[in-house]
Amino acid sequence: MEIAGIFKYLYEQLQATGLPQNWVDLISLLAACFMIFGFLALVVLFFVWWERKVSAHFQQRLGPMRTGWHGWFQTIADSIKLLTKEDITPKAVDRPVFYWAPIVAFTAAFAPYVVIPFAKDLIVSDLNIGILFVLAITTFTVISMLMAGWGSNNKYALLGGMRSAAQVVSYEVPMVVSVLAVIVFVGSLSMVDIVTAQQQIYQWFIFRMPFGPIAFVIYLIAATAETNRAPFDLPEAEQELVAGFNIEYSGMKWSVFFLAEYINLFTVSAIGATLFLGGWQGPFLPSWMWFLGKTLFLVFVFMWFRWTYPRLRVDHLMEFSWKVLIPVGFANLIVAGLMKYSGWFNW
Amino acid sequence: MKKLIDAIKNLFVGLGVTAKHLPRKHITLQYPDERWPMPERSRGIVVLLSDKETGELNCTACLLCMRSCPTAAIRIEHEKDEKGKRTLKEFTVDNTICCFCGICEEACKFDAIKLAPKYEFATYNKEDLIWTTKKLQEMGRDVPYEVTRKKKGEEKAKPEAKPAVPKTEEKPAEAKAENPVPAEPPQVSDNKEEGK
Amino acid sequence: MDTKELRTEEFTINMGPHHPSTHGVCRFKLTMDGEVIVRAEPVIGYLHRALEKICENRTFPQCIPVMDRFEYCTSMSCNMVFALAVEKLAGIQVPERAEYLRVIMLELNRIASHLIWYGTTCLDLGALTPFLYAFREREDILDLFEMTCGQRLTYNYIRIGGVSRDIPEPFVPKARKFLDEFDARVDDYEALLNGNPIFITRNKDVGVMSKELALQYGVSGPALRASGVRFDLRRDDPYGIYDRFKFNIPVYHNGDCLDRYLVRMQEMRESAKIVRQALEQMPEGEIATKISPVFKAKEGEIYSRIENSRGEMGVYIKADGKEKKPYRVKMRGGSFNQLQVMPHLVVGHKIADVVAIMASLDIIMPEVDR
């Protein structure tokens, strides 16, 4: 069963009411916004619970068990607690910067969903610069972290903010380079075009030898760094910087950062699934199931990394990006270009 | 190059170790619902033991435990009854300073005090942690104990008391022996068993 | 680039006393240039409990529970070192079985302590899962301790003249089962970290302590052995019955965090070996020489030392022969020296390395502050 049909039907019903076209567009866009918002909130609730469960079982624990079946209600209880908590603003903070940082973080996390194809024909807006838009807008996260780090007026927060700036900026490059390899091959920036280019399983970019898997691995590593997850969670490295850039945040404002972090996790997984794992393409099951399944698999891989590896040191992190990932990424890009140009393996 | 391959291989080995643990059974318990069985020697709260038959305290107010306590958590008030024997008036254990070392239990020659394998006694008030005779006795009611160190007269009592360690606290009432206690000679309490 | 022209401003950062990875309440005043440490100054005393003074007001047997608090990761060693000192001072003979029980407990406690170190090291380096694995094994050891002496942390087990209680029936089979599984578990730990490139780059050539520096500061234990000095009190100044067991003393020569890690990992295996031998050879018999709770030691002074999991642990006792209390007690913990050497190790490293170095030295604050 395809979800897109339902939305199409609703849209047609809206048109049938006789409202002017621009009103219909506005209403449908707003509805889409709220739907994505609701969907993301659910996703985050699920991810937080899931991560706790996954980490618990990696460690032979049980994780949350009390609230609801296997503690599924735990995140909701936690978020109620966070929302009702006192909103503390330390005296010495730079107020505007301090207040705006979570909002910027949230916006940057939320915006990419405009161009992510959730299922067959289900996309808010098929921008012709789709992937470029995603890459551009997710980078705003670093601004929010810098703002948080700077505005908190705390040395640990400042160190965290600076680390995040350095880290996200340097890992943006290999990420773009790895994505470029795919773009070169498809010849389009549109997410829909990228998905359509991977109709059969052997056409998925992860299986396109030799550049596909390498690009995928680079993307995976860079994405882990982009989302500030362990082993690249330096900006908030608990054991070094206590909580890094969000050390002075609490309650609601902190939870917005937390929300943004998990939305970002979903974003990079969704893009990874779209670019390398064929997006919503797949046999038998409905397309949205394929999309969600692939995305959740990538999320699980990210969690697996997090609960296995120790954290990198900040200088190794930089070296790894500039000395390993970027040269390899560029070499990979050249290979992809040559393949495209020569027509080898061009199935 | 070999190093690089090794490094990548080891990254996957690490992932393998965590993956191996993923399906394993959990080793933790859902605490208030499930509990680990406490070993019988476990040193939890201090309780006063009562005679298994009469239900009266074994304590003779000999003050041995009070003197041996390294943190002075035990306070004993005693008085003389009409026969001139020392009896227990009030036995106080301050759980806020008790260090659960178990020395009082070892010092006691009358099976009167024991560190029971119970451990939940958090309260909202500090004052509630100072336990008096009544509370201590109540906590000790269901604590099983072996009647090992019978009071003085151990040599004489040995043949019957040692081998089987009967559940009841039957002791030759007239067993008499020298007093092994260096300080205060413990007087007979109103307990069933009596020495001297 | 000439760094003199592009000088950045230094700033001070306060690491601790409430910091997730200072293992208790240690505080570091770090002068930093960006992320690089220029100067480090440890500030101690947040956990000072005046244990030495408390001991002066306790009878000798009453001191043992106080010693439990000296270094709570290896309380058995603390009991042991005090009991050893008093036994030497008063000339008390310890029964054979008690000696074996002591060795078993000490070595199990060493493993437990190293497991804490392993877990917290991984935690400090950002790997959260190994911590839980290490504590799973530690739990087994604590179960053994609890069934023997009744406590999981402050054992009060090794007493003057012997031990407080004989081991219960199920102890030996349970201990054997644990030891059999333990090697495989250590293999797991090593698989998780030993080859991991992230772990190696975080630890290799970080916090290099030269032999000379280590000796100058009186560093002892695994940290010293990682710097290439083969010194282990169990072999060089055997106390108890350690001269009866066969075990290796792992020694590494670089003196960096990785070597300290490797030394400790191997020590766990060696300790398991010792426990196995001790379980094998243990005779039946008495477990303690009876002493009076108010006995008086002869006038004199004594220093006894044992090899703890964090280095040389010593206790100095002076008795005046009149009181039933020690006249003066002085404790020595290995962590104190290791904390003092830290400022030399961290200079020029990143803030993340401070955490790694501190973890690798296995500093525990109660031993420093007492």
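How close do the axes of helix α3 (residues 74-83) of chain A and helix α11 (residues 251-276) of chain A come, and at what angle do they cross? They come within 7 Å and cross at roughly 135°. Axes are lines fitted to C-alpha atoms, for helices over the stretch in contact, with angles from 0 to 180 degrees between N-to-C directions. Helices (H or I, at least four residues) and strands (E, at least two) are DSSP runs, numbered from the N terminus.

This is a predicted model, in which local features need pLDDT of at least 70, side-chain atom pairs count only at pLDDT 80 or more, and totals for chains, interfaces and linings use all residues. Residues are numbered from 1 along each chain as its sequence is written, while chains are lettered from A and ligands numbered from 1 in the order in which they are written.

**Helix pairs**

The crossing angle makes α3(A) oblique to α11(A). Angles under 35 degrees count as roughly parallel, over 145 as roughly antiparallel, 65 to 115 as roughly perpendicular, and the rest as oblique. A:Ser79, A:Leu82 and A:Leu83 of α3(A) meet A:Gly251, A:Met252 and A:Ser255 of α11(A). Contact requires C-beta atoms, placed from the backbone, within 7 Å.

In chain C, helix α5 (residues 129-149) packs on helix α6 (residues 171-193) at about 165°, with axes 10 Å apart. α5(C) is therefore roughly antiparallel to α6(C). Residues making the contact include C:Tyr133, C:Glu137 and C:Asp140 of α5(C), and C:Lys174, C:Phe178 and C:Arg185 of α6(C).

The table gives the residue classes of both contacts. Ala, Val, Leu, Ile, Met, Phe, Trp, Tyr, Cys and Pro count as nonpolar, Asp, Glu, Lys and Arg as charged, and the others, Gly among them, as polar.

| Helix contact | Nonpolar | Polar | Charged |
|---|---|---|---|
| α3(A) with α11(A) | 3 residues | 3 residues | no residues |
| α5(C) with α6(C) | 11 residues | 1 residue | 5 residues |

**Chain C overall**

Chain C has 14 helices and 8 strands. Its C-alpha atoms fill a box of roughly 75 × 50 × 35 Å along the principal axes. The radius of gyration is 21 Å, which agrees with the value near 21 Å for a compact globule of 370 residues. That radius is taken over C-alpha atoms, and the globule rule is 2.2 Å times the number of residues to the power 0.38. Buried residues make up 53% of the 370. Buried means 20 or more other C-beta atoms within 10 Å of the residue's own, with C-beta atoms placed from the backbone.

**Chains A and B**

10 residues of chain B are in contact with 10 residues of chain A. The chain B side has 3 nonpolar, 6 polar and 1 charged residues.

Conventions
Two residues are in contact if their C-beta atoms, placed from the backbone, lie within 7 Å. A residue is buried if 20 or more other C-beta atoms lie within 10 Å of its own, exposed if 12 or fewer, and partly exposed in between; C-beta atoms are placed from the backbone.
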